[in-house]
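User: I am new to this structure and would like to know how its labels are justified. Please take my questions one at a time.

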Amino acid sequence: MKMGHASTPLSTSAPLDATAGPSLIPDLITRIPSCAPGLGPRWTLFIAILAAGVLLVSCLLCVICCCCHRHRHRKQPKDKETVGLGSACNSTTTHLVQPDVDCLEPCSGGDQQWGRLLLSLEYDFGSQEIRVGLRQAGNLKAEGTADPYAWVSVSTQAGRRHETKVHRGTLSPMFEETCCFLVPPAELPKATLKVQLWDFKRFSEHEPLGELQLPLGTMDLQHVLESWYQLGPPGTTEPEQMGELCFSLRYVPSSGSLTVVVLEARGLNPGLAEAYVKIQLMLNQRKWKKNKTSSKKGTTTPYFNEAFVFLVPVSQLQSVDLVLAVWARGLQLRTEPVGKVLLGPRASGQPLQHWADMLAHAWRPIAQWHHLQSPREVDRVLALQPRLPLLRPRS
């Protein structure tokens, strides 16, 4: 002891044993002066040491992750190199022979841009009919959304065409409709099945969405065929049209009144004269009520705007068929039907949709354009028999 200073335990140079390990860090911290020149407070140094430790641990974790990532990328080419031609011949794994899904899609557009169609074909040799099952379509090409429907026809049956229901607001419609065409075996080699997809427009021209043509002579019709087919661009030549007719329907359930307003027609044959529209109601496949518009001369786009009211109780709606037919005088100076439109429970395609819209929106008139169909085809659906001449009683 000198100058009156007492000795402290810290001034001794006693060795540190294992029992002093846990108190090493606190002892070092307590040895640091609470305030040294240029070092600042004691707690700042502790924070600096802690930050350095965290940084060191982070760097170690980054190095470990990079090593694992490189090791994984090195293993993938090694695995691919081991699959050679010899192993492919002796292996039955699917990834060696099955292409990727992305490879099945054409990279440069082509037919895929028009979408695809799921179709089933079955030929009945007994009835000599081919049964076409229109299942669904996918990835149709349109701006935004569309209201697609389809026409199905066979080249050997002129004027015979099946029209599907309109599907609102979709590019992948589920049709699930079946139609039959009479094709004798002798006509199969030259028959072609045509499916045309259209975008429905209520008050304007319908836009084509794509087309499929299948030569039936190249198909194996001994079995039921069901497959996806790529749609091609619409045909450059439009099918022969009989014209179009625009009319509105309105039904009032409380009074049972059915109002038909014949508005106008367009696209009629220029060789026809004095066109008019005949409205006819069938009840249980029997002619029930009828009326007709005035005649319009010298025009292919006659404008009528005439309304007709029929009394149809709600109980009879499911048994009623509505037929609108355009009649005109032809070259032989004989009045004959140009085309017909069938509406009601037994209709199909757009006419059936129009009838359903009328029932769903009671009291409101629903107007729409319709393509005229072959009179013979409509009569076949109605199962109408030609009129027989009345026999006069013998005098």
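User: Which strands does helix α6 lie across, and at what angle does the helix run to β17?

Analyst: This is a predicted model. In it, helix α6 (residues 375–382) lies across β13, β16 and β17. The angle to β17 is about 50 degrees.

User: What makes β14, β13, β16 and β17 an open sheet, and which strands stand at the edges?

Analyst: The four strands follow the order β14-β13-β16-β17, with antiparallel pairing. β14 (286–292) and β17 (335–343) each have a single partner strand, so one side of each is left without a neighbour in the sheet. The twist from one strand to the next averages 25 degrees. Helix α5 (residues 349–360) also packs on this sheet, where it touches β16 and β17. The direction of α5 makes about 60 degrees with that of β17.

User: How do you know that β13 and β16 pair?

Analyst: Pairing requires at least two bridges. Strand β13 (residues 273–283) is joined to β16 by nine, and the two run antiparallel. Within this pair of strands, M282 stands opposite D321.

User: Why is S319 called partly exposed?

Analyst: The label applies between 20% and 50% relative accessibility. S319 has 28%, so it counts as partly exposed. The residue lies in the loop between β15 (303–311) and β16 (320–329). Beyond four places in sequence, S319 touches M282, L283 and N284. The C-alpha atoms of S319 and Q285 are separated by 8.1 Å, although these residues are 34 apart along the chain.

User: Why does E211 have no salt bridge with K194?

Analyst: A salt bridge needs a side-chain nitrogen of Lys or Arg within 4 Å of a carboxyl oxygen of Asp or Glu. K194 is the nearest side chain of opposite charge, yet it is 4.5 Å away from E211, which is buried. The distance is therefore outside the cut-off, and no salt bridge is assigned.

User: What makes the approach of E211 to Q213 a polar contact?

Analyst: The limit for such a pair of N or O atoms is 3.5 Å. The side chains of E211 and Q213 make their contact at 2.6 Å, so the pair falls within that limit. E211 itself is placed in strand β9 (residues 207–215).

User: How many bridges does β8 form with β5, and how many with β9?

Analyst: Strand β5 (residues 148–154) pairs with β8 over seven bridges, and β8 pairs with β9 over eight. Both pairings are antiparallel. V152 stands opposite V195 in β8, while L193 stands opposite L214 in β9.

User: What makes β8 mostly covered?

Analyst: Six of the eight residues in β8 (residues 192–199) are buried.

Notes:
Residues are numbered from 1 along each chain as its sequence is written. This is a predicted model: local features need pLDDT of at least 70, side-chain atom pairs count only at pLDDT 80 or more; totals for chains, interfaces and linings use all residues. Side-chain values use heavy atoms; hydrogens and water are left out. Buried means under 20% relative accessible area, exposed over 50%, partly exposed in between (1.4 Å probe, protein chains only). Contact means heavy atoms within 4.5 Å. Lys and Arg count as positive and Asp and Glu as negative; His and the chain ends are not counted. A polar contact is a pair of N or O atoms within 3.5 Å; within protein, one must be able to donate a hydrogen and the other to accept it, and residues adjacent in sequence count only if both atoms are side-chain atoms. Axes are lines fitted to C-alpha atoms, for helices over the stretch in contact, and angles run from 0 to 180 degrees between N-to-C directions.
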